[in-house]
Amino acid sequence: MAEPVEIVEANVRAPYYFISAARWTCRQCTDVTPVHALMLPEMHEMLIDDGWDRLGLPARMFYVDYLSISVQQRVFRTMPHYWLDQDEAIGFPYFMNHCERCGAKQTDRALHEEYPGAFCSAQWEPTGGVGPIVVHEPLTAHAAGFVIEQRTGIG
Ligand SMILES: [Zn+2]
C-alpha cells in the first residue's frame with residue numbers, strides 16, 4: 001500500500017523573517033516609490049527531496065507565489081503595494097510590488113534580477129538607512145527565486 005502523499009504548499013519555512021524596504025523609480029510614472037522584499041534568517045529551512053534542509057545562510061526570496069495566511073496579513077499591513085498579481089512575461093502570478101502613485105507593476109525581474117535592481121546586492125539602499133524589519137512570527141512560503149544574502153546583521 002502506497003504511503004499517503006503530503007501536499008506541501010511551501011518550499012521554505014522559518015521561525016521568523018525580515019521585511020526589507022528600498023526606494024525605486026517607477027518606470028511608468030518616474031516617481032520614486034517604496035518597494036519591499038521578504039528575507040529569511042539563516043535558520044530557514046528549504047524542502048529538498050521531501051526533507052527539510054537548513055543551509056545556514058540568510059536568503060532573500062522573490063517570485064513568491066504562496067504565503068501562509070499570517071504572513072499575508074502582515075504583508076497587507078506593512079507592504080500595502082505588494083500583492084498577488086499576474087506577470088505576463090513570466091506566465092504565473094506572484095506577490096509583486098506596485099507603484100504607490102500609479103499602481104504600475106514593479107516586477108521581480110526588474111527589482112531582483114536585472115542590474116541595477118532595487119534589491120541587487122550592490123544597490124542595496126534600505127529606506128532611511130534603516131535595516132530590515134524583523135517579524136517575530138513563523139513563515140511558510142513558496143517561491144521560485146532565492147538569493148543568498150552575505151550581509152552581516154541579518155539572521
Ligand atoms: Zn508609477
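**Exercise 1. Identify the partner of alanine 22 in β3, and describe how the two strands are joined.**

Solution. In this predicted model, alanine 22 has valine 35 of β3 as its bridge partner. Strand β2 covers residues 17-25 and pairs with β3 in the antiparallel sense, over 8 bridges. The two strands form a hairpin with 6 residues between them. In the turn, threonine 30 has a positive phi of about 65°.

**Exercise 2. Find which further strand is joined to β3, and state how far β3 is enclosed.**

Solution. Step one: strand β6, residues 59-67, is joined to β3 by 3 bridges, and the two run antiparallel. One point of pairing is leucine 40, whose bridge partner in β6 is alanine 59. Step two: β3 spans residues 32-40, and 7 of its 9 residues are buried, so the strand is largely enclosed by the rest of the structure.

**Exercise 3. Decide whether tryptophan 24 is buried or exposed, and list what it touches.**

Solution. Begin with the location: tryptophan 24 is found in strand β2. Next, apply the cut-off: a residue is buried if 20 or more other C-beta atoms lie within 10 Å of its own. Tryptophan 24 has 23 other C-beta atoms within 10 Å, so it is buried. Then take the contacts, leaving aside residues up to four places away in sequence: tryptophan 24 touches Val32, Thr33, Val35, Gln106, Leu111 and Ala118. Leucine 111 is 87 residues away from tryptophan 24 along the chain, yet their C-alpha atoms are separated by 8.4 Å.

**Exercise 4. Work out the strand order of the open sheet that contains β8, and name its edges.**

Solution. The open sheet has 3 strands in the order β7-β8-β9, with antiparallel pairing. The edges are β7 (82-87) and β9 (105-106); each has a single partner strand, so one side of each is left without a neighbour in the sheet. Strand β8, residues 92-98, pairs with β9 over 2 bridges in the antiparallel sense. At the level of residues, asparagine 97 has glutamine 106 in β9 as its bridge partner. Glutamine 106 also appears among the residues that tryptophan 24 touches.

**Exercise 5. Summarise the protein chain as a whole.**

Solution. Count the elements: the chain has 2 helices and 11 strands. Read from the N terminus, they run β-β-β-β-β-β-α-β-β-β-α-β-β. For burial, 29% of the 155 residues are buried. For contacts, take those with a separation of 6 or more: 64% of them are between residues 24 or more positions apart.

Terms used: Residues are numbered from 1 along each chain as its sequence is written. This is a predicted model: local features need pLDDT of at least 70, side-chain atom pairs count only at pLDDT 80 or more; totals for chains, interfaces and linings use all residues. Two strands pair if DSSP finds at least two bridges between them. Helices (H or I, at least four residues) and strands (E, at least two) are DSSP runs, numbered from the N terminus. A residue is buried if 20 or more other C-beta atoms lie within 10 Å of its own, exposed if 12 or fewer, and partly exposed in between; C-beta atoms are placed from the backbone. Two residues are in contact if their C-beta atoms, placed from the backbone, lie within 7 Å.
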